[in-house]
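Colleague: Could you take me slowly through one small part of this model, and then through the part of the chain that follows it?

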Amino acid sequence: MDKKKRTRFIIIILILLTLTFISTILSGGGAEEEPINEVMQDAVLHSYGKVSLFGLIPVNPALISAYTVTGIIFVFALIVRIFVIPRFSEIPGRFQLVLEQAVGIFDNLATSNSPHRHKFLGAYVFTAGVYIFIGTLFELLGVIVPTISGGSITLPAPLADINGAISMGVLSYCVILSGGIAGNGFKGVLNTLKDLSLPISMSFRLFGALLSGALVTELVYYYNTTSYVIPIFVAVMFTILHALIQAYVLTMLTALFYGEVSEPSSDE
């Protein structure tokens with residue numbers, strides 16, 4: 001039985017690779033229509049790939065990605081809260097077990113780093129981790145939208161835009177600051193302000209890691225000789241790794257600094 005499943009899996013993979021190869025050939029392979037430096041620059045700055053926000057103003061495509069990912073998470077959470085959680089039982093099913101494990105990972109992260117004040121921290125690191133993970137995987141969907149210049153563009157990960165990365169870094173820093181205020185008042189504020197470079201480092205760590213995967217994929221696809229099948233494996237590999245690593249790194253740093261600034265000072 002296992003041998004049949006293995007054979008079926010290999011056949012499916014071969015069919016997908018064949019279809020991908022054929023579709024790539026029919027679409028003309030790699031572009032090479034503009035200099036590589038312009039391709040890389042546009043992937044970072046989106047100078048020519050602006051999209052319209054509800055027909056009102058031109059925005060970076062990552063903003064549309066951010067709204068889409070936020071909507072997906074919100075609707076999914078609402079459905080789970082209304083229809084799934086009330087049916088949870090003492091003997092968990094598969095979905096309940098996965099959900100409890102995910103919540104438990106971030107709750108343990110918050111508890112171990114801030115045992116004195118961790119309820120809000122656990123909720124935040126769970127939300128931030130889920131957003132980073134799903135937002136990074138979102139680019140694998142390959143959603144194509146029209147640009148204001150008449151072309152089309154694939155929506156990137158929300159945090160592959162420097163503005164989205166800075167927003168996440170600053171928000172995490174504000175959460176750390178709130179922990180300092182709640183735990184130690186004015187002294188907690190001073191302790192947090194000592195690490196003023198923290199939001200910058202968090203922002204650029206997110207931006208650099210996620211953007212590197214996008215640039216490598218763009219570079220591989222640009223040349224005809226490497227634009228067949230290879231970009232699929234490169235994109236999937238970089239995306240999954242960055243989704244896991246960056247979700248863990250940012251939540252770990254947030255929990256660690258939150259625990260430091262919110263720890264009650266001992267009276268000597």
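Modeller: In this predicted model, let us begin with Ser114, which, once its neighbours within four places in sequence are set aside, is in contact (heavy atoms within 4.5 Å) with Leu121, Tyr258, Gly259 and Ser262. Residues are numbered from 1 along each chain as its sequence is written, and side-chain values use heavy atoms, without hydrogens and water. Because the model is predicted, local features need a pLDDT (the predictor's confidence in each residue, from 0 to 100) of at least 70, side-chain atom pairs count only at 80 or more, and totals for chains, interfaces and linings use all residues. The chain averages a pLDDT of 78, with 72% of the residues scoring at least 70.

Ser114 belongs to the loop that joins helix 4 (94-113) to helix 5, where a helix is a DSSP run of H or I with at least four residues. With a relative accessible area of 0%, Ser114 is buried (under 20%), and its side chain reaches the backbone oxygen of Arg117 at 2.5 Å.

Following the chain onward, we come to helix 5 (residues 119-137), which packs against helix 6 (residues 162-184) at an angle of about 170°, their axes lying 11 Å apart. The two helices are therefore roughly antiparallel (an angle over 145 degrees) to each other. Helix 5 contributes Phe120, Tyr124, Ala128, Tyr131 and Ile132 to this contact, while helix 6 brings Met168, Leu171, Ser172, Val175 and Ser178. Sorted by type, the residues of the contact comprise 8 nonpolar, 2 polar and no charged.

Conventions:
Axes fitted to C-alpha atoms, helices over the stretch in contact; angles between N-to-C directions. Parallel < 35°, antiparallel > 145°, perpendicular 65-115°, else oblique. Nonpolar A, V, L, I, M, F, W, Y, C, P; charged D, E, K, R; others polar. Buried < 20%, exposed > 50% of the residue type's maximum accessible area, 1.4 Å probe, protein only. Polar contact = N/O pair within 3.5 Å; in protein donor to acceptor, adjacent residues only side chain to side chain.
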